[in-house]
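Please consider the following model together with its sequence. The discussion moves from the overall fold to individual residues.

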Amino acid sequence: METVYTVKGMTCGHCVNSVSTEIGKLDGVTGVQVDLTSGAVTVSSAGILDEAAVAAAVDEAGYELVGARS
C-alpha cells in the first residue's frame, strides 16, 4: 500500500534524509521516497499506518506533517 504525506519545512538533502530515516523506522514501512520540491513523502507499507505515528516520526525529524492521501 502507498500513502502520500505532505511535510512542511524541508529545505535540503539533510531534511530528506532525516524524514526518510524516521519514517523508515516505523513498523510495516517498506519504503520511503521524498520529493523535496513539493514536500510529498510517499510511504510504502505492508498495511495501513497510524497517521499519528507518522506525524510523530516527522516531528522527531524536526518537520511538520500537514496532510495525507492514499
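The paragraphs below treat the overall architecture, then the sheet and its helices, then the core, and finally two threonine residues.

The model is a predicted one. The protein contains two helices and four strands, and along the sequence these elements are arranged as β-α-β-β-α-β. The radius of gyration is 10 Å, close to the 11 Å given by the globule rule for 70 residues, so the protein is as compact as a globular protein of that length. Along the principal axes, the C-alpha atoms occupy a box of roughly 30 × 20 × 20 Å. The accessible surface of the protein amounts to about 3900 Å², and carbon and sulfur atoms account for 48% of it. Of the 70 residues, 39% count as buried. The contacts also show how the chain folds back on itself: taking those between residues at least 6 apart in sequence, 63% join residues at least 24 apart.

The sheet comes next. Strands of a sheet pair through backbone hydrogen bonds, in either a parallel or an antiparallel sense. In this protein, four strands form an open sheet in the order S2-S3-S1-S4, and the pairing is antiparallel. Strand S2 (29-35) and strand S4 (64-69) are located at the edges with a single partner strand each, and therefore one side of each has no neighbour in the sheet. From one strand to the next, the twist averages 25°. Helix H1 packs on the sheet, where it touches S2 and S3, and its direction makes about 160° with that of S2. Helix H2 likewise packs on the sheet, but its contacts are with S1 and S4, and its direction makes about 145° with that of S4.

The strand pairings can be followed across the sheet. S2 and S3 run antiparallel and are joined by six bridges; in this pairing, Asp-35 has Ala-40 of S3 as its bridge partner. The hairpin of S2 and S3 has four residues between the strands, and Gly-39 adopts a positive phi near 80° there. S3 also pairs with S1, in the antiparallel sense and over five bridges. Ala-40 appears again in this second pairing, as the bridge partner of Thr-6 in S3. On the other flank of S1, five bridges connect S1 and S4 in the antiparallel sense, and Val-4 stands opposite Arg-69 in S4.

Attention now turns to the interior. In soluble globular proteins, nonpolar side chains tend to be buried together. The largest nonpolar core of this protein has 16 residues, of which Ile-23, Val-41 and Tyr-63 touch the most other members. At least two core residues come from each of strand S1 (2-8), helix H1 (13-24), strand S3 (40-45) and helix H2 (51-61). H2 gives the most, with four residues. The surroundings of Val-41 illustrate how the core is assembled: leaving aside neighbours within four places in sequence, Val-41 is in contact with Thr-3, Val-4, Tyr-5, Val-7, Met-10, Val-19, Ile-23, Val-32, Gln-33 and Val-34.

Two threonine residues allow a comparison of positions within the sheet. Is Thr-3 buried or exposed? Thr-3 is placed in strand S1, and its relative accessible area of 11% lies under the 20% limit, so Thr-3 is buried. With residues up to four places away in sequence not counted, Thr-3 touches Val-41, Thr-42, Val-43, Ala-68, Arg-69 and Ser-70.

Thr-30 lies in strand S2, one of the strands at the edges of the sheet. With a relative accessibility of 62%, which is over the 50% limit, Thr-30 counts as exposed. Under the exclusion of residues up to four places away in sequence, Thr-30 touches Ser-44, Ser-45 and Ala-46. The C-alpha atoms of Thr-30 and Glu-2 are separated by 9.8 Å, although these residues are 28 apart along the chain.

Key
Residues are numbered from 1 along each chain as its sequence is written. Side-chain values use heavy atoms; hydrogens and water are left out. The radius of gyration is taken over C-alpha atoms; the globule rule is 2.2 Å times the number of residues to the power 0.38. Buried means under 20% relative accessible area, exposed over 50%, partly exposed in between (1.4 Å probe, protein chains only). Contact means heavy atoms within 4.5 Å. Accessible areas come from the Shrake-Rupley method with a 1.4 Å probe; for residues, only the protein chains shown count as cover. A nonpolar core is a set of buried Ala, Val, Leu, Ile, Met, Phe, Trp, Tyr and Cys residues joined through side-chain atoms within 4.5 Å. Two strands pair if DSSP finds at least two bridges between them. Axes are lines fitted to C-alpha atoms, for helices over the stretch in contact, and angles run from 0 to 180 degrees between N-to-C directions.
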